[in-house]
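Colleague: Can you walk me through the pocket and the ligand here, with the cut-offs spelled out?

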Amino acid sequence: MTQPLVYVLNGPNINLLGTREPGIYGHETLADINARLEEQAKTLGLTIKTLQSNHEGTLVDWLHEAQAEGAKAVILNAAAYTHTSVALLDATKAITVPVIEVHLSNPHKREEFRHKSYIGMAALGTIAGFGAQSYALALQAAAAL
Ligand code: CA2
């Protein structure tokens with residue numbers, strides 16, 4: 001039997017993780033986080049597909065792809081597009097796959113412009129503020145769905 005598939009999508013600048021602003025985003029790189037998620041996915045009996053793009057339309061395409069590929073959940077850190085992208089909101093609404101919004105930091109503790117989340121208007125739930133652990137908590141939530 002094939003294992004449930006979960007997409008893990010990361011948005012702009014997350015590829016730079018671990019290189020700048022460690023006080024906010026931690027010392028781990030995206031490769032470190034993804035490697036740990038792969039291990040966790042094995043334990044949970046899930047298959048994950050990890051992707052990162054700096055381009056809004058590519059993230060929209062991957063949300064559509066998650067649906068087309070029969071993914072059971074999407075974990076999405078849309079980064080700055082969280083606070084700006086109606087296109088990602090529409091894509092999140094357009095698919096029936098549940099989207100779990102994730103953030104390393106807690107945007108509500110930060111600047112006012114980060115308090116609004118377009119993704120949060122359509123996501124099943126949001127996990128924020130736990131650093132790299134936010135992704136692990138989201139994968140656990142996905143496994144429980
Ligand atoms: O806390 C999060 O996960 C964010 O989604 C990160 C975004 C930010 O715009 C959101 O408000 C909250 C920024 C990602 C930038 O990534 C960097 C990585 C390394 C160094 C600097 C930024």
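**Pocket and ligand**

Modeller: The lining of the largest pocket breaks down into nine nonpolar, six polar and four charged residues. In that split, Ala, Val, Leu, Ile, Met, Phe, Trp, Tyr, Cys and Pro are nonpolar, Asp, Glu, Lys and Arg charged, and the others, Gly among them, polar. Bear in mind that this is a predicted model, where local features need pLDDT of at least 70, side-chain atom pairs need 80 or more, and totals for chains, interfaces and linings use all residues. Residues are numbered from 1 along each chain as its sequence is written, and side-chain values use heavy atoms, without hydrogens and water.

Colleague: What makes a space a pocket?

Modeller: On a 1 Å grid over the protein atoms alone, a pocket is an open set of points with protein on both sides within 12 Å along at least five of seven lines, and lining residues have an atom within 4 Å of a point. The largest pocket has 19 lining residues, with P12, N13, I14, Y25 and A79 nearest its centre.

Colleague: What takes up the space of the largest pocket?

Modeller: The ligand does.

Colleague: Why does the R114 pair count as a polar contact?

Modeller: A polar contact is a pair of N or O atoms within 3.5 Å. A polar side-chain atom of R114 is 2.8 Å from a ligand oxygen, so the pair qualifies. For H103, a side-chain N or O atom is 2.9 Å from an oxygen of the ligand, so that counts too.

Terms used:
A polar contact is a pair of N or O atoms within 3.5 Å; within protein, one must be able to donate a hydrogen and the other to accept it, and residues adjacent in sequence count only if both atoms are side-chain atoms. On a 1 Å grid over the protein atoms alone, a cavity is a set of points where a 1.4 Å probe fits but cannot get out, and a pocket is an open set with protein on both sides within 12 Å along at least five of seven lines; lining residues have an atom within 4 Å of a point. A molecule sits in a cavity or pocket if more than half of its atoms lie within 2 Å of its grid points.
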